[in-house]
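Reader: I would like to go through this entry by question and answer. Please keep to what can be computed from the atoms or read from the record.

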Amino acid sequence: MRPSTAAVTYPVAGDARERPLLAVWLLFALAVVVPVLPALPVVGYLVRVLTASERGDSMPPFLADGRTLLRRSLGGTAVCLVFLGIPFAALLVTLYGVVTLDPGANAPVGRILAGSTAVLFVGVFGTYLAPVSLITYGREGSLRRAFSPGALRPVAGHAAYFFGWTLGFTALVVAVGVGGALFTVSRAGPLFGTFVLAYGLLVAAYLWGRAVERARRR
């Protein structure tokens with residue numbers, strides 16, 4: 001099977017079929033009503049998917065071993081907060097500084113552009129390292145190891161990982177764009193949008209997992 005076809009069909013392939021995709025979709029849809037909390041198990045499952053795809057396995061069942069899923073959810077959330085939460089907090093600070101300017105004041109355009117560019121760079125870099133860290137955590141169950149430069153550097157610096165990560169990131173950006181547009185559809189918009197987001201996230205996780213495997217193998 002061609003890699004592109006494998007990536008597109010990955011969320012509905014394997015013994016579990018479409019059930020994990022359905023679970024992720026429903027949790028995302030519920031998170032629209034009850035923010036954050038329903039999406040927490042998705043983080044733990046994402047760790048499982050990344051680790052499974054790195055091994056070359058199909059999509060794992062969603063609810064298998066609930067205790068481990070809970071632990072991976074908490075640990076995976078910690079990893080995401082380190083790599084993605086800090087840039088997001090910096091972005092909020094930058095936006096707060098812009099909106100709180102006095103109406104007649106001269107905006108420091110240079111500093112705003114420099115700050116925004118730096119936040120964007122840090123955010124992309126965090127997104128680049130996060131899959132490697134999550135897979136390391138999923139394999140070894142150690143947060144210390146997940147943040148270890150010795151675990152991150154050999155993979156993150158490999159061209160095979162960069163190429164695969166770029167494909168996954170592109171797939172995720174497209175899914176976010178299409179999903180965001182579908183959110184504007186009346187009534188059923190959030191259902192359509194969250195389905196596209198769930199599907200795109202799982203496709204990206206597959207591409208990132210395979211990229212880590214190729215980088216480690218070479």
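Reader: How much of the chain over residues 191–209 is helix, and how far apart are the end C-alpha atoms?
Author: This is a predicted model. UniProt, in an unreviewed entry, lists residues 191–209 under "transmembrane region". Over these residues the chain has 0% strand and 100% helix, and the distance between the end C-alpha atoms is 27 Å.

Reader: What are the corresponding values over residues 159–185?
Author: The same unreviewed UniProt entry also lists residues 159–185 as "transmembrane region". Strand again accounts for 0% there, helix for 89%, and the end C-alpha atoms are separated by 40 Å.

Reader: What span should helix H8 have at 1.5 Å a residue, and what is the distance between its end C-alpha atoms?
Author: Helix H8 covers residues 159–182, which is 24 residues. At 1.5 Å a residue the helix should span 34 Å, and this agrees with the distance between its end C-alpha atoms, 35 Å.

Reader: Which residues in H8 are buried?
Author: Buried means under 20% relative accessible area. Ala-181, also in helix H8, does not qualify because its relative accessibility is 47%, which counts as partly exposed. The buried residues in H8 are Ala-160, Tyr-161, Gly-164, Trp-165, Gly-168, Ala-175 and Gly-179.

Reader: How far apart in space are Ala-181 and Phe-192, C-alpha to C-alpha?
Author: Ala-181 belongs to helix H8. Phe-192 is 11 residues from Ala-181 in sequence, and the C-alpha to C-alpha distance is 9.7 Å.

Reader: Which residues form a nonpolar patch on the surface with Phe-183?
Author: Phe-183 sits in the loop between H8 and H9. Its relative accessibility is 31%, so Phe-183 counts as partly exposed, and patches are made of residues with over 30%. The patch has about 540 Å² of accessible area together, and Phe-183 shares it with Leu-30, Val-32, Val-33, Val-34 and Leu-37.

Reader: Is Glu-54 buried or exposed?
Author: Glu-54 lies in helix H3, residues 40–55. Setting aside neighbours within four places in sequence, its contacts are Ile-135, Arg-139, Gly-209, Arg-210, Val-212, Glu-213 and Arg-216. With a relative accessible area of 9%, Glu-54 is buried.

Reader: How far apart in sequence are the parts tied together by Glu-54 and Arg-216?
Author: The two side chains form a salt bridge, 3.4 Å from N to O. Glu-54 is in helix H3 and Arg-216 in helix H9 (residues 189–217), so the pair ties together parts separated in sequence by 162 residues.

Reader: Which residues are linked with Glu-54 in a network of salt bridges?
Author: The whole structure has 6 salt bridges. Arg-216, partly exposed at a relative accessible area of 31%, is one of the residues in the network. Glu-54 is linked there with Arg-216 and Arg-139.

Reader: What separates Glu-213 and Arg-210 along helix H9?
Author: Glu-213 and Arg-210 form a salt bridge whose closest N and O atoms are 3.4 Å apart. Both residues are buried. Because they are 3 residues apart in helix H9, their separation is about one helical turn.

Reader: Arg-145 forms a salt bridge with which residue?
Author: Arg-145 counts as partly exposed at 33% relative accessibility. Its partner is also partly exposed, at 47%. The closest N and O atoms are 3.5 Å apart, and the partner is Glu-140.

Notes:
Residues are numbered from 1 along each chain as its sequence is written. This is a predicted model: local features need pLDDT of at least 70, side-chain atom pairs count only at pLDDT 80 or more; totals for chains, interfaces and linings use all residues. Side-chain values use heavy atoms; hydrogens and water are left out. Helices (H or I, at least four residues) and strands (E, at least two) are DSSP runs, numbered from the N terminus. Buried means under 20% relative accessible area, exposed over 50%, partly exposed in between (1.4 Å probe, protein chains only). Contact means heavy atoms within 4.5 Å. The expected span of a helix is 1.5 Å times one less than its number of residues. UniProt positions are given in the numbering used here, feature names are shortened, and annotations may be inferred rather than shown by experiment. A salt bridge is a side-chain nitrogen of Lys or Arg within 4 Å of a carboxyl oxygen of Asp or Glu. Patches are made of residues with over 30% relative accessible area and no salt bridge: like charges are joined within 9 Å, nonpolar side chains (Val, Leu, Ile, Met, Phe, Trp, Tyr) within 5 Å. Accessible areas come from the Shrake-Rupley method with a 1.4 Å probe; for residues, only the protein chains shown count as cover.
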